[in-house]
Amino acid sequence: IVDSEGKKMSKSIGNTIEPEQIARQYGIEILRIWTASGDYTEDLRISDEIIKGSVESYRKLRNTVRYMLGALDGYTADEAIEADKMPSLERWVLHRMSELDAQVRAAYNVYDFKKVMSLLINFCGVDLSAVYFDIRKDSLYCDPRFETAEAWDKATGAFGNRRRAVRTVMAAVLERLLTWLAPVMPFTMEEAFLESHIRDSAASVHLLQFPDTPSGWQDADLAARWEKIFTVRRVVTGALEVERREKRIGASLESSPRVLIADEALIKAFDGEDAGDLFITSGAELVHSSAGGGGGFTLDDTSGVIVYPVKADGVKCRRSWKYFDPTIADPAFPDITPRDALSVKAWDATHS
């Protein structure tokens with residue numbers, strides 16, 4: 001073990017760090033994450049700054065697990081639906097987990113703990129927190145609960161499975177994260193396991209095997225399609241960040257961007273998807289065009305995508321915070337969107 005500059009630990013130099021000191025200040029899980037994240041084929045470096053990096057990694061992993069525990073409150077196997085009945089975003093997450101399953105197993109088999117941690121920290125921070133959780137929080141909070149889904153389907157014929165799909169996927173993600181991370185974060189994962197939907201499957205998370213991953217989750221064509229969608233989404237997100245920074249909007253739902261896209265394949269990737277939902281805006285217009293009128297937002301590494309972050313029209317829904325045309329509101333619920341009104345009616349029908 002050496003310090004951040006590669007010097008050997010020496011009491012005379014004063015660069016020693018005691019494991020007990022880290023355990024008292026941060027908890028032993030932080031030291032375990034530092035150990036697992038290091039390249040043990042070389043001298044391991046340690047310093048206060050490096051340990052703070054392990055603290056940040058722990059925070060991201062813990063918060064991801066904690067978010068799913070809350071989102072899955074009351075979840076049971078009866079709520080689960082088959083992958084082929086899910087929206088394509090949920091099937092993309094399943095595809096990512098099938099990729100991760102093979103990579104994590106392979107890394108553990110050769111004791112490459114650094115790769116395991118890199119894979120899982122990136123998955124939690126990027127694929128889940130920055131993309132999937134961000135997009136699907138509207139469905140999770142505002143779509144009807146499982147027990148009201150039948151009433152919702154009769155009313156609209158739509159959205160009946162979306163929230164169920166979100167919770168089904170989250171249940172699968174949580175089960176895998178608990179077992180994948182248990183060797184490195186045994187105490188945190190045990191506590192989370194005892195609060196999870198799989199707590200009755202074993203006496204401890206450390207008595208579980210890594211769950212098998214269905215072969216049907218792998219879908220390279222779907223992944224390629226979503227890569228195109230994320231390419232466009234990244235430019236839109238960048239444009240909205242500028243608008244927030246300049247105080248022209250407070251939240252992304254205050255915008256309904258107009259997006260000019262030169263590559264028709266990028267537009268086609270959005271077939272069947274609500275671009276506004278994916279951008280977390282109140283709406284979105286995708287236009288096949290390469291000629292912007294000036295003033296649009298672009299990214300240097302993404303040519304052919306120009307974003308005009310137009311302000312959303314209408315009034316703010318008091319339930320979902322999306323902006324909508326008040327003339328289309330249900331007279332019984334004039335201050336919320338028709339989607340939210342139907343969801344409230346579905347709840348009332350089963351809880352009156």
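**Notebook: rings, cores and one serine**

I counted ring pairs in this predicted model and arrived at 8 aromatic pairs, where rings of Phe, Tyr and Trp (its six-membered ring) pair if their centres lie within 6.5 Å, and planes under 30 degrees apart count as stacked, over 60 as edge-to-face and the rest as tilted. I noted that residues are numbered from 1 along each chain as its sequence is written. I also noted that local features need pLDDT of at least 70 and side-chain atom pairs pLDDT 80 or more, while totals for chains, interfaces and linings use all residues, and that side-chain values use heavy atoms, with hydrogens and water left out.

**Ring pairs**

I looked up Trp-92 and Phe-230, whose ring centres are 4.9 Å apart with planes at 70°, so I entered the pair as edge-to-face. Trp-92 belongs to helix α4 (residues 88-109) and Phe-230 to helix α9, so this pair ties together parts that are 138 residues apart in sequence; helices here are DSSP runs (H or I, at least four residues), numbered from the N terminus. Both Trp-92 and Phe-230 are buried, a word that means under 20% relative accessible area, with exposed over 50% and partly exposed in between (1.4 Å probe, protein chains only).

I then turned to Tyr-108 and Phe-113, which are edge-to-face because their planes stand at 65°, with the ring centres 6.2 Å apart. Tyr-108 counts as buried at 12% relative accessibility, whereas Phe-113, at 29%, counts as partly exposed. Ring pairs join these two with Tyr-111 and Phe-210 in a cluster.

**Cores**

I found that the largest nonpolar core (buried Ala, Val, Leu, Ile, Met, Phe, Trp, Tyr and Cys residues joined through side-chain atoms within 4.5 Å) has 85 residues, and that Val-173, Leu-177, Leu-178 and Val-232 have the most contacts inside it. Helix α5 (residues 113-142) gives the largest share of this core, 13 residues. A second, separate core has 7 residues, among them Cys-317 and Phe-324.

**Ser-204**

Is Ser-204 buried or exposed? I recorded Ser-204 as buried, because its relative accessibility is 13%, and I placed Ser-204 in the loop between α8 (186-194) and α9 (220-245). The side chain of Ser-204 makes a polar contact with the side chain of Glu-190 at 2.9 Å; such a contact is a pair of N or O atoms within 3.5 Å, and within protein one must be able to donate a hydrogen and the other to accept it, while residues adjacent in sequence count only if both atoms are side-chain atoms. The side chain of Ser-204 also reaches the backbone nitrogen of His-206 at 3.1 Å.

How values were computed
Helices (H or I, at least four residues) and strands (E, at least two) are DSSP runs, numbered from the N terminus.
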